Amino acid sequence: KNKIVFVDASWWHKGGLNGRTMFEKGPRISGAKYIDIDDIALSPDLNTKALPHMLPEPELFSAAMDAFEIGTEDHIIIYARESVYFTPRVWFLFRAFGHDPAKL
């Protein structure tokens, strides 16, 4: 099942840019998935310091990957639009939850 999955990690912390809107409007790589780190982040009310953008619980990350049809055997190519500084955060999510670094 070893497939290649393109993941758009265009996410901006502040400002008027919206990665999801840009992804939906296109252009984008055909079949690419969009990952918004806040969609799968641990809710601030669930962590003791109420910090935003925290790593999700493993079950939430797993459920999100199931919804995107991304498996541990897949090769993931993470990309983003110009001026995006949080792309490595999506790479880190995959690594933190055990994805083979040779497949990222």
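With which side chain does the side chain of Asp74 make a polar contact? The partner is the side chain of Lys3, at 3.0 Å. The structure is a predicted model, and a search of the whole of it finds 1 salt bridge. This briefing covers that pair, the sheet, a surface patch and a backbone feature at Glu69.

**The salt bridge**

- Asp74 and Lys3 form a salt bridge in which the closest N and O atoms are 3.0 Å apart.
- The pair links distant parts of the chain, since the two residues are 71 residues apart.
- Asp74 belongs to the loop between helix 2 (58-67) and strand 3 (75-79), while Lys3 belongs to the segment before strand 1 (4-8).
- The two partners can be set side by side in terms of accessibility: Asp74 is buried, with a relative accessible area of 0%, whereas Lys3 is partly exposed, with a value of 34%.
- In general, side chains of opposite charge can pair when their charged atoms come close.

**The sheet**

- Three strands make up an open sheet, in the order 2-1-3 and with parallel pairing.
- Strand 2 (33-34) and strand 3 are the edge strands, each of which pairs on one side only.
- Strand 1 pairs with strand 3 in the parallel sense over 5 bridges.
- The bridge partner of Val7 in strand 3 is Ile78.
- As a general point, strands of a sheet pair through backbone hydrogen bonds, either parallel or antiparallel.

**The nonpolar surface patch**

- Leu55, Trp91 and Phe92 make a nonpolar surface patch of about 270 Å².
- Phe92 is located in helix 3 (residues 87-96).
- Phe92 is partly exposed, with a relative accessible area of 40%; this value is over the 30% that a residue needs in order to count towards a patch.

**Backbone geometry at Glu69**

- Glu69 has a phi near 60 degrees, which is a positive value in a residue other than glycine.
- By way of background, most residues other than glycine have a negative phi.
- Glu69 is placed in the loop between helix 2 and strand 3, and Asp74 also lies in the loop between helix 2 and strand 3.
- Within this loop, Glu69 is exposed, with a relative accessible area of 57%, whereas Asp74 is buried, with a relative accessible area of 0%.

Note on methods: Residues numbered from 1 in each chain as written. Predicted model: local features only at pLDDT ≥ 70, side-chain atom pairs only at ≥ 80, totals over all residues. Heavy atoms only, no water. Salt bridge = Lys/Arg side-chain N within 4 Å of Asp/Glu carboxyl O. Helix = DSSP H or I, 4+ residues; strand = E, 2+ residues; numbered from the N terminus. Buried < 20%, exposed > 50% of the residue type's maximum accessible area, 1.4 Å probe, protein only. Patch = residues over 30% accessible without salt bridge, like charges linked within 9 Å, V, L, I, M, F, W, Y side chains within 5 Å. Areas by Shrake-Rupley, 256 points an atom, 1.4 Å probe, with all protein chains shown as cover. Polar contact = N/O pair within 3.5 Å; in protein donor to acceptor, adjacent residues only side chain to side chain. Pairing = 2+ DSSP bridges.
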